[in-house]
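User: I would like to go through this structure one term at a time. Please set each value against its definition and then conclude.

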Amino acid sequence: MTGMQGTRRQDPSNAATNGITLMGDGNVGQMKTVADDRKPGEWGRAWNVDLLTHLTVICILLTTPFIALYLHMACPEFDCSVTAPLARFLDGSLTFRAFLERAPPLNGLAFKMAGSWILLQLFFYYIPDVFGYILPGYAGGIRYGAVTPAGHELKYNVNGLQSWTITNVLWILNGVYFKWFSPAIIVDNWGQLFWVANILGYGVSVFVMIKAHLFPTHAHDRKFSSSFLYDFLMGIELNPRLGSMFDFKLFVNSRIGMASWSVINISYAWKQYENYGYVTNSMILVNVLHGFYVIDFFWNEAWYLKTIDIQHDHFGFYLCWGIFVWLPWTYTLQGFYLVYHPTQLPKPVFIGILVLGIASYCIFRAVNHQKDLFRRTNGNCKIWGKKPEFIECDYYSGDGKKRRSKLLLSGWWGVTRHMNYTGDLFQSLAFCLATGFDHILPYFYITFISGLLLNRCYRDEQSCKLKYGENWDKYCARVPYRLIPGIY
Ligand code: NDP
């Protein structure tokens, strides 16, 4: 297991475009994590794990499973009210124990369902990609990720679009033709599945923590802080693998999380039909808008290999439990809410939200595409019909070598510094607006994504400032706003 998987490069010159570096000299167990002590080249994730960070970590580990359960229980038990259980906790009429007792118990069916899903996705994960040959413009098949700080270029079988398509076609065929079981089976066992997902989320997080210590995939791509809890939350290994091709991060993020999203939404729509004999236009809108997001992800899975999730974030509880539990239970909350509160939107409202969703999707996609094109062609491309303007930057990689990179000033990257996040935020708003205006519960998503992306802006800018120094300041001076021109 400790073998070098993927190709280890002697000269990690590609790191120039990949944005990561190895902290320290590979003696990572004794690595210092105090940001102020960083030497040139130490611009990756590094943390001063102080008391406040410790307390934050403990708070995240203890509260997030409860928040996910609380949001889930709000609909079946408290008529989708976010405040009712809290008010009852505060006035003493509901104890924590009584609340837990109202949650559905763990059952064998939920284990079988989760097990079947994982086995099916594992099977699809290993099938060679065919879509890459038949779909013009789609980048599937064997692809390589960014060069890691320790110089590994990992190989991936990019076939997510294929597995997603087969999964969804089977799911729909089962509902309308084979009728083996109702697609509403997910929502019917949603509470029971919550416990199984937690067992998996915690179990895999603990496993990768142990693996990182005992049999790491790439020992020099690990990061340790002085805090056990911080390492558990943020992960130690960058790309833990089993064998040469099973990549935990891609499998969990893509095939457990993103692939389940649309299947869960279809289950909600099915349940609404079973309950009321019709599917509301709001439910269709939620399915369509989420569907765009999920299909975009799978169409661009090769691009996803170069994003912060895969390139920078290590694999720990944050990503692992987050994908097993947080994503399915909180990102799909809008459809779940509509099962309990079927909402028919007036036609103009429906059209307005659809336009907002599509327009913000187009911005999100165009921004990500512009950076990808610019970096892939090393600036030899056209952005909005013109040769792009950019700032040429020097920076130091982990081996102490001076390297070069470019910051794009044209197109969307000249409008604000994170216009892709802006597109994402407005899409998220459209997802929530699609549920109508009666309850705040389905608006949890936009609240959470706003926090997540604002935090990302901060984390990313800190990292870019450390990496590019005064050239980052020059970029900020040329493009002064982060998300919305003239406002923020
Ligand atoms: P980005 O794709 O914005 O990547 C940030 C990196 O891009 C920086 O670290 C820097 O890396 C490089 N960069 C910054 N400015 C420039 C510039 N002007 N020119 C060229 N390169 C630049 O961020 P993410 O990976 O976080 O996000 C990818 C997408 O995924 C986004 O659309 C985001 O909205 C979405 N997302 C959605 C989430 C959700 O839960 N809904 C969660 C996370 C992401 P370098 O070191 O290479 O210079």
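User: Why does Lys271 count as buried?

Analyst: Buried means a relative accessible area under 20%, exposed means over 50%, and partly exposed lies in between (1.4 Å probe, protein chains only). Lys271 is at 16% relative accessibility, so this residue counts as buried. The model is a predicted one, in which local features need pLDDT of at least 70 and side-chain atom pairs count only at pLDDT 80 or more, while totals for chains, interfaces and linings use all residues. Residues are numbered from 1 along each chain as its sequence is written, and side-chain values use heavy atoms, with hydrogens and water left out.

User: What makes Asp188 and Lys271 a salt bridge?

Analyst: The term requires a side-chain nitrogen of Lys or Arg within 4 Å of a carboxyl oxygen of Asp or Glu. The side chains of Asp188 and Lys271 meet at 2.8 Å, N to O, so the requirement is met. Asp188 belongs to helix α8 (residues 185-188) and Lys271 to helix α11 (residues 248-276), so the pair ties together parts 83 residues apart in sequence. Helices here are DSSP runs of H or I with at least four residues, strands are E runs of at least two, and both are numbered from the N terminus. Asp188 has a relative accessible area of 39%, which means partly exposed.

User: What places do Glu77 and Arg102 have in the chain?

Analyst: Their side chains meet in a salt bridge of 3.0 Å, N to O. That pair links distant parts of the chain: Glu77 is in helix α2 (residues 51-78), and Arg102 is in the loop between α4 (96-101) and α5 (108-126), 25 residues apart. Glu77, at 29%, is partly exposed, and Arg102, at 30%, is also partly exposed. A search of the whole structure gives 18 salt bridges.

User: How do you know that Lys465 and Asp473 form a salt bridge?

Analyst: The N to O distance between their side chains is 2.8 Å, so it falls within the 4 Å limit. Lys465 is partly exposed at 38%, and Asp473 is partly exposed at 37%. Elsewhere, Asp309, Asp313, Arg456 and Arg459 are joined into one network by salt bridges that share partners.

User: Why is the aromatic pair of Phe78 and Phe99 called stacked?

Analyst: The structure holds 49 aromatic pairs. In the pair of Phe78 and Phe99, the centres are 6.3 Å apart and the planes differ by 15 degrees. Rings of Phe, Tyr and Trp (its six-membered ring) pair if their centres lie within 6.5 Å, and planes under 30 degrees apart count as stacked, over 60 as edge-to-face and the rest as tilted. Both limits are met, so the pair is stacked. Phe78 is buried at 7%, and Phe99 is buried at 0%.

User: What makes the pair of Tyr395 and Tyr468 edge-to-face?

Analyst: Tyr395 and Tyr468 have 5.8 Å between centres and 80 degrees between planes, so the angle is over 60 and the pair counts as edge-to-face. Tyr395 is in strand β6 (residues 390-396) and Tyr468 in helix α19 (residues 444-468), so parts 73 residues apart in sequence are tied together. Both tyrosines are buried.

User: Is Thr343 buried or exposed, and how do you know?

Analyst: Its relative accessible area is 11%, so Thr343 is buried. Thr343 sits in the loop between α16 (333-340) and α17 (347-376). Leaving out residues up to four places away in sequence, Thr343 touches Thr280, Asn281, Ser282, Tyr337, Leu338, Thr435 and Gly436; a contact means heavy atoms within 4.5 Å.

User: What divides the lining of the second largest cavity into nonpolar, polar and charged residues?

Analyst: Ala, Val, Leu, Ile, Met, Phe, Trp, Tyr, Cys and Pro count as nonpolar, Asp, Glu, Lys and Arg as charged, and the others, Gly among them, as polar. This lining divides into seven nonpolar, four polar and no charged residues. β2 (141-147), β3 (152-158) and α14 (308-311) each supply at least two residues of the lining.
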